[in-house]
Amino acid sequence: LAAAIRLKHTNGPWSESVHFTGEYDKDDHQETENRIFGSFQMDYRFNPKWTALIYTSAENDKYSGFGWRYFFGVGAGYDVIHSAKMDWVLQGGPGYKIDHVRAYPATPPLTEVIPETVEESLGLAMASRFKYRLTDKINLTNDTAMIYAPLSTEIENTIALTADLWGNLKVRFSYEIRHDTDPPPETKQTNASTRVSLVYKVD
């Protein structure tokens with residue numbers, strides 16, 4: 001089960017957006033996924049191509065080896081392409097990263113207890129948002145996000161095909177990959193999921 005909500009408010013050159021996602025999964029009555037993610041971004045458009053932005057995010061993934069992970073950053077966005085058929089935006093900037101690493105017991109192959117730790121460091125966030133209008137009713141999107149930190153770098157990519165059904169109701173077929181370059185012991189580096197979702201857009 002997965003659910004997400006995106007809210008955006010625009011007032012002149014200013015805009016604010018909120019994104020929240022929750023995911024839960026069981027396989028053969030065993031819980032295999034339990035993740036929540038939220039972000040907030042404020043943009044100021046100072047010319048047709050460039051924006052300045054403030055970005056913050058928080059994530060808790062029970063099976064990633066990490067507890068809460070936070071990022072606070074500033075940066076800029078650039079509209080590479082903006083046309084009737086295509087939109088492509090690049091964003092990036094420095095920030096501050098906080099990672100809570102979960103404790104691990106001394107079970108093979110680990111020979112000693114790994115205590116819970118909190119790692120704080122400077123980081124870098126980058127994102128690419130691409131949208132192509134195949135027809136008046138079908139859109140192809142490819143969103144990539146990366147948060148670099150010395151402890152581990154998070155990379156996420158989602159490609160999706162969204163089609164209008166009726167009114168504001170849409171159906172979306174998506175494939176998502178999340179990858180950590182250096183996760184804690186006994187945890188997966190990569191998590192992939194394929195989804196068919198219903199989307200309701202309020203204008």
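What share of the 203 residues in the chain is buried? Buried residues make up 32% of them. Keep in mind that this is a predicted model. The chain is built from strands, with 11 of them and zero helices, and those 11 strands form an open sheet with antiparallel pairing. Here's a quick tour.

**Confidence**

- The chain has a mean pLDDT of 92, and 96% of its residues reach 70 or more.
- Going element by element, strand β8 (residues 138-148) has the highest mean pLDDT, at 97.
- The lowest mean pLDDT among the elements belongs to strand β11 (residues 190-200), at 92.

**Overall layout**

- If you walk along the chain from the N terminus, the elements read β-β-β-β-β-β-β-β-β-β-β.
- The C-alpha trace spans about 60 × 40 × 20 Å along its principal axes.
- The accessible surface of the chain comes to about 12,700 Å², and carbon and sulfur atoms account for 61% of that.
- Take the contacts between residues at least 6 apart in sequence: 43% of these join residues at least 24 apart.

**The sheet**

- The strands sit in the order β1-β2-β3-β4-β5-β6-β7-β8-β9-β10-β11.
- At the edges you'll find β1 (2-11) and β11, each with a single partner strand, so one side of each has no neighbour in the sheet.
- From one strand to the next, the twist averages 15 degrees.

**The β1 edge**

- The number of buried residues among the 10 in β1 is zero, so this strand lies largely in the open.
- β1 runs antiparallel to strand β2 (residues 14-27), and 10 bridges join the two.
- To see one of the pairings for yourself, look at Ala3, whose bridge partner in β2 is Gly22.
- β1 and β2 make a hairpin with two residues between them.
- In the turn of that hairpin, Gly12 has a positive phi of about 65 degrees.

**The loop after β2**

- Two residues to check out here are Asp28 and His29: Asp28 lies in the loop between β2 and β3 (30-45), and His29 lies in the loop between β2 and β3 as well.
- Asp28 has a phi near 60 degrees, a positive value in a residue other than glycine.
- His29 also isn't a glycine, yet its phi is positive, at about 65 degrees.
- Are these two buried or exposed? Asp28 is exposed, with a relative accessible area of 66%, and His29 counts as exposed at 73% relative accessibility.

**Thr51, a buried residue**

- Thr51 sits in strand β4 (residues 50-61).
- With a relative accessible area of 6%, Thr51 falls under the 20% cut-off, so it counts as buried.
- Which residues does Thr51 contact, leaving aside its neighbours within four places in sequence? They are Asp43, Tyr44, Arg45, Phe46, Gly75, Ala76 and Gly77.

**The nonpolar core**

- The largest nonpolar core has six residues in all: Phe37, Leu53, Tyr55, Phe71, Ala125 and Ile147.
- In soluble globular proteins, nonpolar side chains tend to be buried together.
- Ala125 touches two other members of that core, Phe71 and Ile147.
- Other residues that Ala125 touches include Gln91, Gly92, Gly93 and Met146, with residues up to four places away in sequence not counted.

**β7, β8 and β9**

- Strand β7 (residues 117-133) pairs with β8 in the antiparallel sense over 10 bridges.
- Two pairings across β7 and β8 are easy to look up: Tyr132 stands opposite Leu140 in β8, and Leu124 stands opposite Tyr148 in β8.
- A hairpin of four residues connects β7 to β8.
- On to the next pair: β8 and strand β9 (residues 154-166) are antiparallel, with 10 bridges.
- Here, Ile138 has Ala163 in β9 as its bridge partner.
- The hairpin that joins β8 to β9 goes through five residues.

Definitions and conventions
Residues are numbered from 1 along each chain as its sequence is written. This is a predicted model: local features need pLDDT of at least 70, side-chain atom pairs count only at pLDDT 80 or more; totals for chains, interfaces and linings use all residues. Side-chain values use heavy atoms; hydrogens and water are left out. Buried means under 20% relative accessible area, exposed over 50%, partly exposed in between (1.4 Å probe, protein chains only). Contact means heavy atoms within 4.5 Å. pLDDT is the predictor's confidence in each residue, from 0 to 100. Two strands pair if DSSP finds at least two bridges between them. Axes are lines fitted to C-alpha atoms, for helices over the stretch in contact, and angles run from 0 to 180 degrees between N-to-C directions. Accessible areas come from the Shrake-Rupley method with a 1.4 Å probe; for residues, only the protein chains shown count as cover. A nonpolar core is a set of buried Ala, Val, Leu, Ile, Met, Phe, Trp, Tyr and Cys residues joined through side-chain atoms within 4.5 Å.
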